[in-house]
Amino acid sequence: MAAPTSNWRTDGARLWDSLMAMAQIGPGLRGGNNRQTLTDADREGRLLFQNWCEQAGLTLGVDAMGTMFARREGTDPQALPVMLGSHLDTQPTGGKFDGVLGVLGALEVVRTLNDLGIRTRHPIEVVNWTNEEGTRFAPAMVASAVHAGVMTLNDAYASEDAAGLTLGAELERIGFKGDEPVGTRRAHAYFELHIEQGPILEAEDTLIGVVTHGQGTRWLEITLTGRDAHTGSTPMPRRLNAGLGAARITELVDEVAWAHAPLGVGAVGQLNLTPNSRNIIAGKAVFTVDIRHPELAALDAMADAIRAGAEQIAADMGLGISLAVVNSFDPVPFDELLVGRVRAAAESLGYSHRDIVSGAGHDACWMAKVAPSAMIFCPCVDGLSHNEDETITPEWAKAGADVLLHATLATAQVV
């Protein structure tokens, strides 16, 4: 078995050209992308990706969730594939690189292996997961969730967008409802290259993030019930102000997050007041709390503190309260062996690197339930993502792809 050499590098210019070509499909309003899942733009992006895969000599399979698997055969027909991938769908006002770098970086790895005439014992499959963003059809990371067995295919198909169209019908409409049963493709390992979507790597002038964990998440929906009343004629002691209660709980969430910093984070992201009139004290407030931490005990402690504190605030103010957990995602520790290979690849290539925790959810988080998985981060300017101003440099993209190449070769076994 041949040992990979640090002279083996991806073609950064080719990768960048591919990223820019994909960005022409589903352009945004000011330089980014609007290529939401299962739209005509998504179909066009998929067809371009399919064409590139065929040019690279890969065979394409599509499962019943529309996930695309482009396979480069290994020398051992019994060996399970090393999967590399991410997603091509975007937010409505998304950037050019979120998800796309992981798919096209994986394709660049295969193209580089072809250029160098390198064979591997394990097959390599480049994966484009359907509906990672969850912006059109909730929840996010749907296809990988079905693949991992944590969501049923029927539930995924039944998800509706704002227009009442279902995921299943739209998947069929764009011609990407495949014949393969979901989850039947087993993996030897899974790697996902992604932009950080945060500011740490750029701020520290570090090229590579070695992702050790995916953050756990709790989304809480809190409803406070007070009493609608005139803002001008209701004395202060007689008010049951749900809006004020929401403000105090918002401050509580911030205090709890700071108490668990730097790894713990939290905020109120959505707030609806009823009746939402400028001269009526809000009689009802419904709002969501998003808290995250990479350690399960700390995440649960944050949730417990917010629940107890919110109930006490409501009681002190004479407000009714109900609290529901609307999303719960436990922290994900990535495979130590694969994480070590990512770290070793960065070191052998001479790229600066640091361990990092993913603050966002990714398909790798669900894949970790069914196969050893790991992630590679590259910086993004100002940590900005889910925004049309999201950007990276060609050098950052190439460094991430180089690390992906070497981690893949260490796992797929050069022959």
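## The second largest pocket

In this predicted model, the second largest pocket is lined by 20 residues. Sitting nearest its centre are Ile200, Gln215, Val357, Ser358 and Gly359. Its volume comes to about 430 Å³.

Which strand gives the most to this lining? That's S14, residues 353–358, with five residues. By type, the lining of the second largest pocket splits into ten nonpolar, six polar and four charged residues.

## The largest pocket

The largest pocket holds about 770 Å³ of space. It has 30 lining residues, and the ones closest to its centre are Pro139, Ala140, Met141, Trp219 and Asn327. Two elements, S7 and S12, give two or more residues each to the lining. S12 gives the most, with four residues.

How do the lining residues of the largest pocket divide by type? There are twelve nonpolar, 14 polar and four charged ones.

## The four-stranded sheet

S7 and S12 turn up again here, as members of an open sheet of four strands. The order is S9-S11-S7-S12, and the pairing is antiparallel. At the edges you'll find S9 (265–274) and S12 (320–329); each has a single partner strand, so one side of each is left without a neighbour in the sheet. Going from one strand to the next, the twist averages 15°.

Inside that order, S7 (residues 216–225) and S11 (residues 284–293) run antiparallel and are joined by ten bridges. For a spot to find by eye, take Glu221: its bridge partner in S11 is Thr288.

Two helices go with this sheet. Helix H9, residues 296–317, packs on it and touches S7, S9, S11 and S12. The direction of H9 makes about 160° with that of S11. Helix H8, residues 242–259, lies across S7, S9 and S11, and it runs at about 175° to S9.

## Strand S4, a buried strand

Now for S4, residues 124–128. Is this strand buried or exposed? Five of its five residues are buried, so S4 is largely enclosed by the rest of the structure. Buried here means under 20% relative accessible area. Ile124, Val126 and Asn128 point one way from the strand, while Glu125 and Val127 point the other way, and all are buried. That includes Glu125, which counts as charged.

S4 pairs with S2 (residues 68–72) in the antiparallel sense, over five bridges. It also pairs with S3 (residues 82–86), this time in the parallel sense and again over five bridges. In general, strands of a sheet pair through backbone hydrogen bonds, either parallel or antiparallel.

Asn128 is a handy residue to look at in both pairings. It is the bridge partner of Met68, and Ser86 stands opposite it as well.

## One small enclosed space

How many cavities of 30 Å³ or more does a search of the whole structure find? Just one. The largest cavity has a volume of about 30 Å³.

Asn128 shows up once more in its lining, along with Thr37, Asp42, Arg46, Leu88, Asp89, Trp129, Thr130 and Asn131. Those lining residues divide into two nonpolar, four polar and three charged. So Asn128 of S4 is buried, has Met68 as a bridge partner, stands opposite Ser86 and helps line the largest cavity.

Methods: Residues numbered from 1 in each chain as written. Predicted model: local features only at pLDDT ≥ 70, side-chain atom pairs only at ≥ 80, totals over all residues. Heavy atoms only, no water. Pairing = 2+ DSSP bridges. Axes fitted to C-alpha atoms, helices over the stretch in contact; angles between N-to-C directions. Contact = heavy atoms within 4.5 Å. 1 Å grid on protein atoms, 1.4 Å probe; cavity = no way out; pocket = protein on both sides within 12 Å on 5 of 7 lines; lining within 4 Å. Points joined across faces, edges and corners; volume = space filled by probe spheres on them. Buried < 20%, exposed > 50% of the residue type's maximum accessible area, 1.4 Å probe, protein only.
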